[in-house]
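Trainee: I'm new to this structure and would like a close look at one part of it. Could you walk me through how the strands pair, and then show what lies around them?

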Amino acid sequence: METNKLRQIIQSFNSMFYDRQREIEALMVALLSRQHVLLIGPAGTGKSALASMLSKLVENSRYFQHLLTRFSTPDELFGPLSLKELEQGNFKRNTSGMLPEAHFAFIDEIFKANSSVLNSLLSLINERIFYDNGKPINCPLLTLIGSSNEYIEEGDGLEALFDRFLLRLEVKYIRENEMFISMLKNNEVSNIPSLSFNELQYHQKQVELVDIPDAIYHTIAKVRTRLQDEGIQPSDRRFKQSLSLLQANAYLAGRMEVERKDLGILANVLWNRPEERETASKIIYEIIDDSVDTFIERIVPEFDTLIQIIEHSMTDNSKHAKDMVGELLLQGKSLYLEVQEFTSKMPNRKELIDLKNDMHKRLLDMTSQVIGF
């Protein structure tokens with residue numbers, strides 16, 4: 001099984017929903033990484049339609065949809081109390097067809113959740129567990145999509161619910177007139193390729209195998225520092241969970257290794273308040289486009305590999321091995337000169353200076369060993 005089918009699904013979604021490429025890719029990333037999505041925007045932007053279509057791509061999956069109000073009761077989400085159990089003094093719910101048994105869910109106006117439903121909703125979203133009469137029940141929930149016309153306000157007591165959504169996207173009306181007209185004219189219904197549960201589980205397991213290079217971890221740490229400088233402090237948990245999004249993003253692109261460009265999805269993750277969103281996005285994309293970091297990410301693995309090959313070759317006393325060691329040293333010195341030249345153009349970047357000094361020291365040490373080889 002390859003990712004071609006996943007890309008076909010995305011293309012089919014894009015043919016049905018105009019100007020929703022970002023939201024569609026985010027939903028696919030969330031599904032592959034077992035995360036949840038919050039869509040914020042006015043009515044009539046296709047939020048519920050997107051959620052419904054996502055559920056239909058997995059064969060035999062169960063879908064639950066509900067609109068919350070301030071007066072919603074737990075029965076509306078989790079099922080009514082069983083009269084038979086109630087007669088015996090047990091407060092058990094009939095969860096058939098309700099949220100605890102759903103694979104996909106769309107909860108509209110989710111921030112209308114009152115205290116009577118909030119705690120059960122939190123544990124179900126975060127832990128996939130519903131407590132029925134005090135007994136924990138594992139729920140099959142894959143992805144929950146929450147929707148709201150507006151952000152929460154401080155003091156509403158909904159901060160924990162807001163934090164449960166790793167991906168948060170603002171959904172707006174179609175921007176371009178040309179695309180708007182195409183939407184008005186289109187009456188076709190696209191056939192979306194479906195996935196079996198086995199196929200989905202396969203892809204989810206493959207996502208977990210996607211490699212995250214050390215350079216990416218260091219870049220994330222740099223993002224964290226820059227955000228903190230601006231007073232934006234996402235939790236350590238949010239940073240940790242975001243790794244699964246990077247892996248899913250890379251996998252959808254047909255790669256088994258996270259690259260710098262995958263970090264763009266973090267613009268929808270690493271902020272706490274709406275007013276922080278634009279600043280966080282700017283910082284993340286500035287770091288993604290940083291030519292110095294990109295240069296270092298290319299040089300370091302190449303240089304490390306050369307040194308490792310030289311060390312391995314020095315265990316062989318043959319003439320061929322000695323000739324190869326000499327050639328590899330020349331390649332290492334060539335990389336060092338490249339770093340030296342780049343450093344001269346950007347003398348204020350400490351990471352370049354540190355890299356140049358480290359490479360120089362390692363080359364000197366290696367050359368001394370080769371002389372006695």
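Mentor: Let's begin with a single pair of residues: the bridge partner of I129 is N138, which belongs to strand 5. Before going on, you should know that this is a predicted model, in which local features need pLDDT of at least 70 and side-chain atom pairs count only at pLDDT 80 or more, while totals for chains, interfaces and linings use all residues. Residues are numbered from 1 along each chain as its sequence is written, and side-chain values use heavy atoms, with hydrogens and water left out.

Back to our pair. Strand 4 (residues 129–132) runs antiparallel to strand 5 (residues 135–138), and four bridges join them. Two strands count as paired if DSSP finds at least two bridges between them. The strands themselves are DSSP runs of E with at least two residues, helices are runs of H or I with at least four, and both are numbered from the N terminus. Two residues separate strand 4 from strand 5 in this hairpin, and N133 takes a positive phi near 60 degrees there.

Strands of a sheet pair through backbone hydrogen bonds, in either a parallel or an antiparallel sense. You have just seen the antiparallel kind in strands 4 and 5; now look for an open sheet of five strands with parallel pairing, in the order 2-3-6-1-7. Its edges are strand 2 (63–67) and strand 7 (167–170); each has a single partner strand, so one side of each has no neighbour in the sheet. From one strand to the next, the twist averages 15 degrees, where axes are lines fitted to C-alpha atoms (for helices over the stretch in contact) and angles run from 0 to 180 degrees between N-to-C directions.

Within this sheet, strand 3 (residues 104–108) pairs with strand 6 in the parallel sense over five bridges. One place to find this pairing is I107, whose bridge partner in strand 6 is G146. Strand 1 (residues 37–40) pairs with strand 7, again in the parallel sense, over four bridges, and L39 has L169 of strand 7 as its bridge partner.

Strand 7 is worth a pause. Both of its faces are covered: L167 and L169 on one side, R168 and E170 on the other, are all buried. Buried means under 20% relative accessible area, exposed means over 50%, and partly exposed is in between, with a 1.4 Å probe and protein chains only.

R168 also leads us to some aromatic rings. It lies over the face of F162, 3.9 Å from the ring centre, and its charged end sits over the ring of W271 as well, 5.2 Å from the centre. For a charge to sit over a ring, NZ of Lys or CZ of Arg must be within 6 Å of the ring centre and within 35 degrees of the ring normal. F162 and W271 belong to one aromatic cluster together with F111 and Y151, and W271 counts as buried at 0% relative accessibility.

The whole structure holds seven aromatic pairs. One of them is F13 with F17, an edge-to-face pair at 6.4 Å centre to centre with 80 degrees between the planes. Rings of Phe, Tyr and Trp (its six-membered ring) pair if their centres lie within 6.5 Å; planes under 30 degrees apart count as stacked, over 60 as edge-to-face and the rest as tilted. F13 is buried at 0% relative accessibility, and F17 is buried with a relative accessible area of 12%. Y151 and W271 make another edge-to-face pair, 6.1 Å centre to centre and 75 degrees between the planes. Y151 is in the loop between strand 6 (143–148) and helix 7 (159–163), and W271 is in the loop between helix 11 (236–252) and helix 12 (277–288), so this pair ties together parts 120 residues apart in sequence.

Finally, visit H103, in the loop between helix 5 (83–87) and strand 3. H103 is buried, with a relative accessible area of 9%. Apart from neighbours within four places in sequence, its contacts (heavy atoms within 4.5 Å) include N60, P140, T143 and F197.

To place all this in the chain, count 15 helices and seven strands in total. Of the 373 residues, 46% count as buried.
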